[in-house]
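User: Please take a close look at the surroundings of the ligand. Then set a couple of individual residues elsewhere in context.

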Amino acid sequence: MNAVTTTATDTVVRASQLRKVYKNKVALDGTSFEIPAGRIIGLIGPNGAGKTTALKAMLGLIPFEGQMSVIGRDPRTERDELMRDVCFIADVAVLPRWIRVSEAIEFVAGVHPRFDRARCERFLKGTQLKPQMKVRELSKGMIVQLHLALVMAIDARLLVLDEPTLGLDILYRKQFYQRLLEDYFDEDKTILITTHQVEEVEHILTDVMFIRDGKIVLDTEMDTLGERFTEVMVNADSADAARALKPVDERTLPFGKTVMLFDNIPRDQLSGLGETRTPGLADLFVATMKGTYA
Ligand SMILES: Nc1ncnc2c1ncn2[C@@H]1O[C@H](COP(=O)(O)OP(=O)(O)OP(=O)(O)O)[C@@H](O)[C@H]1O
């Protein structure tokens with residue numbers, strides 16, 4: 001994201017020197033980042049890294065130190081105005097189990113000025129959901145449909161999703177993200193997703209930020225990932241030469257092969273050592289976070 005040239009108007013979030021300390025726990029540690037408009041950003045980090053705290057700061061839900069501007073507003077002082085352009089739906093699993101589908105719609109319609117009820121109802125027509133059904137009668141898949149119907153009917157410039165598919169099986173997780181991409185996203189909208197499920201968001205993200213110990217440790221466009229990182233399947237006889245180039249990570253495969261991950265080493269310098277490719281986000285995540293739980 002740093003690589004994108006942004007102006008004041010097309011930057012949706014501008015955060016500088018964010019710091020949040022809970023009692024004696026540093027949750028955000030002087031971190032800075034920018035999110036341009038029209039992107040789908042994954043904020044990815046291990047448990048306790050500071051993802052939820054960063055989202056709460058953006059949404060004006062907690063006090064913090066540092067500068068923060070979201071769609072040109074300070075969430076600490078202009079939260080009400082900001083919420084007209086931001087949609088934040090936490091895990092739908094928190095919907096009370098006694099609530100009916102119609103009441104959930106009513107609730108969102110009441111709290112969100114940009115909620116389009118007709119759009120929501122159109123979306124629900126294509127599902128098995130009926131207005132009278134209670135959340136406790138719904139399968140997890142149906143809860144996803146309800147979640148999607150509510151989200152997709154809000155015309156927000158910034159949609160914030162915190163672990164949106166927690167507890168769902170892989171088919172529903174994929175369905176959720178696919179619909180989001182096909183039926184919601186456009187160049188005027190920005191979607192920020194926090195998740196641990198790196199693999200299934202990887203193909204829809206335009207940008208990724210890795211967060212660790214309250215700091216953004218990687219901030220890049222998905223398209224340029226391959227310019228910076230290279231994974232090489234190194235043969236045993238090239239291992240020493242490869243190590244001399246200081247890989248950032250190394251893992252062993254069967255049959256004497258080693259996969260090494262390089263940061264900012266030109267591919268033509270690496271191609272003689274073995275087969276090269278762009279690493280998957282999951283491998284990059286594991287390499288970046290190594291030692292986090294040590
Ligand atoms: N209200 C709070 N009081 C005290 N400590 C807190 C509070 N909220 C968060 N923390 C601590 O701040 C750190 C960051 O928490 P945060 O919830 O932002 O992490 P996260 O990346 O969202 O984690 P997870 O993936 O587990 O939800 C953690 O060490 C957490 O224990």
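Analyst: The ligand shell comes before two single residues. Keep in mind that the model is predicted.

Which residues surround the ligand? They are Y22, K23, K25, A27, G45, N47, G48, A49, G50, K51, T52 and T53. Two elements, β2 (25–36) and α1 (51–58), each supply at least two residues of this shell. The largest share belongs to α1, with three residues. By class, six shell residues are polar, three are nonpolar and three are charged. Glycine counts among the polar residues, and G45, G48 and G50 are among the residues around the ligand. The charged class includes lysine; K23, K25 and K51 are found in the shell.

Now for the single residues. Is G272 buried or exposed? G272 is exposed, because only 12 or fewer other C-beta atoms within 10 Å are allowed for that label, and G272 has 11. G272 sits in the loop that joins α10 (267–270) to β13 (274–277). Its C-alpha atom lies 8.7 Å from that of S238, and 34 residues separate G272 and S238 along the chain.

H147 belongs to helix α5, which covers residues 140–152. H147 has 21 C-beta neighbours inside 10 Å. The label "buried" requires 20 or more, so H147 counts as buried. Between H147 and R73 the C-alpha separation is 27 Å, with the pair 74 residues apart along the chain.

To recap, G272 is exposed in its loop, whereas H147 is buried in α5.

Definitions and conventions. Residues are numbered from 1 along each chain as its sequence is written. This is a predicted model: local features need pLDDT of at least 70, side-chain atom pairs count only at pLDDT 80 or more; totals for chains, interfaces and linings use all residues. A residue is near a molecule or strand if its C-beta atom, placed from the backbone, lies within 6 Å of it. Helices (H or I, at least four residues) and strands (E, at least two) are DSSP runs, numbered from the N terminus.
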